[in-house]
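Biologist: I have the coordinates open and want to go through the salt bridges, one lysine and the pockets. Can you take my questions as they come?

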Amino acid sequence: MIARGFELVIFDCDGVLVDSEPIINRAHAQVLTACGYSITEQDLVGRFCGMSDPDMLDIIERERGRALPASYGERVGLMIESGFRQSLAAIEGVAEVLDRLKLPVCVASSSAPEQIRRKLELTGLLGRFGENLFSATMVARGKPAPDLFLYAAQQLATAPDRCLVIEDSPAGIDAAFAARMTAIGFCGGSHCGPEHAAHLQVRGAALVIADMRELAAAMAKIDV
């Protein structure tokens, strides 16, 4: 199911390295609803998981027929930062996986660079990636377009077909597929419902795991 000879492992951040999706989507759902666009946390996950905030909000504003208030970003940001300080945690087992991997690793996330760094700092994971942090703000198109993954591979001088992507979102799996990279789907985040694994498989994930520690076992069986 998985090709041999990988040279780089590309991790998404939210829902793969850190269990941040519930915090982020709860904040957006509450502020959007207060602004007159009624939506639940679960609806946001189902429709927009893996997309950047600007792309998501552009769709919502078109559906709403008018711009969101100028204060929207600040209101959501304050709620998210409070949630991060109170309860943000690394995905269980991910530190162990990173310590065991003998391949170069990087992060390719739809979040802004400062947000990626903040989440990794709070969860003690930042040192494992160094400066190998890539954001959708660095490319023309975010996920599900392949641009971000291709950019990360280019920056680390790795051919796309030698890259293994770890993703929790259908948009991320689509992006990996479009970049001609192999993707492993992860459905162990607390935002993932019972149908999440099937959604990732349908999109083209070569393998779907529910426990990050399964990735270590899978990688150990691959001749890299």
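Biologist: What does glutamate 96 form with arginine 100?
Modeller: A salt bridge, in which the closest N and O atoms are 3.8 Å apart. Bear in mind that this is a predicted model.

Biologist: How many residues apart are glutamate 96 and arginine 100, and in which helix?
Modeller: They are 4 residues apart in helix H5, which covers residues 94–100. About one helical turn therefore separates glutamate 96 from arginine 100.

Biologist: What is the relative accessible area of each?
Modeller: For glutamate 96 the value is 37%, and for arginine 100 it is 46%. Glutamate 96 counts as partly exposed, and so does arginine 100.

Biologist: How many salt bridges does the structure hold?
Modeller: There are 16.

Biologist: Which residue does arginine 26 form a salt bridge with?
Modeller: With glutamate 41, at 3.7 Å between the closest N and O atoms. That pair links distant parts of the chain, since arginine 26 sits in helix H1 (residues 21–34) and glutamate 41 in helix H2 (residues 41–48), 15 residues apart. Arginine 26 is partly exposed, with a relative accessible area of 39%.

Biologist: And aspartate 174, which side chain does it meet in a salt bridge?
Modeller: Arginine 203, with an N to O distance of 3.0 Å. Here too distant parts of the chain are linked: aspartate 174 belongs to helix H8 (residues 170–178) and arginine 203 to helix H9 (residues 196–203), and their positions lie 29 residues apart in numbering terms, that is, they are 29 residues apart. Both ends are partly exposed, aspartate 174 at 23% and arginine 203 at 38%.

Biologist: Changing topic. Where is lysine 143, and is it buried or exposed?
Modeller: Lysine 143 is in the loop between strand S3 (133–135) and helix H7 (147–155). It is buried, because its relative accessible area is 3% and the cut-off for buried is under 20%.

Biologist: Which residues are linked with Lys143 in a network of salt bridges?
Modeller: Asp12 and Glu167. The side chains of lysine 143 and aspartate 12 are also joined by a polar contact of 3.1 Å.

Biologist: Which backbone oxygen lies 3.0 Å from a polar atom of that lysine 143 side chain?
Modeller: The one of alanine 108.

Biologist: What else does lysine 143 touch?
Modeller: Leaving out residues up to four places away in sequence, its contacts include Gly50, Met51, Ser109, Ser110, Leu148, Phe149 and Ala171.

Biologist: Now pockets. How much space lies in the largest pocket?
Modeller: About 730 Å³. It is lined by 39 residues, and those closest to its centre are Ile24, His28, Asp53, Ser111 and Gln115.

Biologist: Which element gives the most to that lining of the largest pocket?
Modeller: H4, with 7 residues. The elements that give two or more residues are H1, helix H3 (53–64), helix H4 (72–87) and helix H6 (113–122). By class, the lining of the largest pocket divides into 15 nonpolar, 13 polar and 11 charged residues.

Biologist: And the second largest pocket, how much space lies there?
Modeller: About 300 Å³. Its lining has 17 residues, with Val45, Gly46, Pro170, His196 and His199 nearest the centre. H2 gives the most, with 4 residues, and H2, H8 and H9 each supply at least two.

Terms used: Residues numbered from 1 in each chain as written. Predicted model: local features only at pLDDT ≥ 70, side-chain atom pairs only at ≥ 80, totals over all residues. Heavy atoms only, no water. Buried < 20%, exposed > 50% of the residue type's maximum accessible area, 1.4 Å probe, protein only. Polar contact = N/O pair within 3.5 Å; in protein donor to acceptor, adjacent residues only side chain to side chain. Contact = heavy atoms within 4.5 Å. Salt bridge = Lys/Arg side-chain N within 4 Å of Asp/Glu carboxyl O. 1 Å grid on protein atoms, 1.4 Å probe; cavity = no way out; pocket = protein on both sides within 12 Å on 5 of 7 lines; lining within 4 Å. Points joined across faces, edges and corners; volume = space filled by probe spheres on them. Nonpolar A, V, L, I, M, F, W, Y, C, P; charged D, E, K, R; others polar.
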